[in-house]
Amino acid sequence: MKTLFKTFLLTLFLVSFLHAGENFSEMSTQELIAIMGYVKPNEKAKFDKELQSRLPSMSADEKAKYKKNLRK
């Protein structure tokens, strides 16, 4: 059940990402972490800049998810 919920959330994040286009500043930190690895190469610099600007204010849980996704 938990896996189904996580899959649903990831799908929701990906759909919202595709809809949002290049405006990463309007996305939540959780959404940015969820789409790591799915960003188009031409948008990667803007994505990385936005994610790095949020790194100091991330919670411990968000930082753990961020570090886990960096390895992927």
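**Salt bridges, helix faces and core**

D48 comes out partly exposed, with a relative accessible area of 31% (buried means under 20%, exposed over 50%, partly exposed in between; 1.4 Å probe, protein chains only). This is a predicted model, so local features need pLDDT of at least 70 and side-chain atom pairs count only at pLDDT 80 or more, while totals for chains, interfaces and linings use all residues. Residues are numbered from 1 along each chain as its sequence is written, and side-chain values use heavy atoms, with hydrogens and water left out.

D48 has a partner: D48 and K44 form a salt bridge, their closest N and O atoms lying 3.3 Å apart (a side-chain nitrogen of Lys or Arg within 4 Å of a carboxyl oxygen of Asp or Glu). Side chains of opposite charge can pair when their charged atoms come close. D48 and K44 sit four residues apart in helix α3, so about one helical turn separates them. Helices (H or I, at least four residues) and strands (E, at least two) are DSSP runs, numbered from the N terminus. K44, like its partner, is partly exposed: D48 has a relative accessible area of 31% and K44 one of 40%.

A search of the whole structure turns up three salt bridges. Another one in α3 links E50 to R54, with the closest N and O atoms at 2.8 Å; here too the two residues are four apart, about one turn of the helix. R54 is buried, at a relative accessible area of 12%. Helix α4 has a bridge as well, in which the side chains of K65 and D61 meet at 3.4 Å, N to O. K65 and D61 are four residues apart in α4, about one turn. Both count as partly exposed, K65 at 45% relative accessibility and D61 at 47%.

Back to α3, which spans residues 44–54 and has F47, E50, L51 and R54 as its buried residues. Seen down the helix axis, these fall within an arc of 95°, so they line one face of α3 (the arc is that of the directions from the helix axis to the C-beta atoms). The face turned away from that buried side carries the exposed residues A45 and K49. As for what covers the buried residues, α2 (29–34) and α4 (60–70) are included.

Two of those α3 residues, F47 and L51, also belong to the largest nonpolar core, an eleven-residue set completed by F24, M27, L32, I33, I35, M36, V39, M58 and Y66. Helices α2 and α3 each supply at least two residues of this core. Such a core is a set of buried Ala, Val, Leu, Ile, Met, Phe, Trp, Tyr and Cys residues joined through side-chain atoms within 4.5 Å. Neighbours within four places in sequence aside, M58 is in contact (heavy atoms within 4.5 Å) with T29, I33, L51, K63 and Y66.

On the surface, F5, F8 and L12 form a nonpolar patch with about 330 Å² of accessible area together. Patch members have over 30% relative accessible area and no salt bridge; like charges are joined within 9 Å, nonpolar side chains (Val, Leu, Ile, Met, Phe, Trp, Tyr) within 5 Å. F5 has its place in helix α1, residues 2–20.

Overall, the protein has four helices and zero strands, and 29% of its 72 residues are buried. About 5400 Å² is exposed, with carbon and sulfur atoms supplying 61% of it (Shrake-Rupley method, 1.4 Å probe; for residues, only the protein chains shown count as cover).
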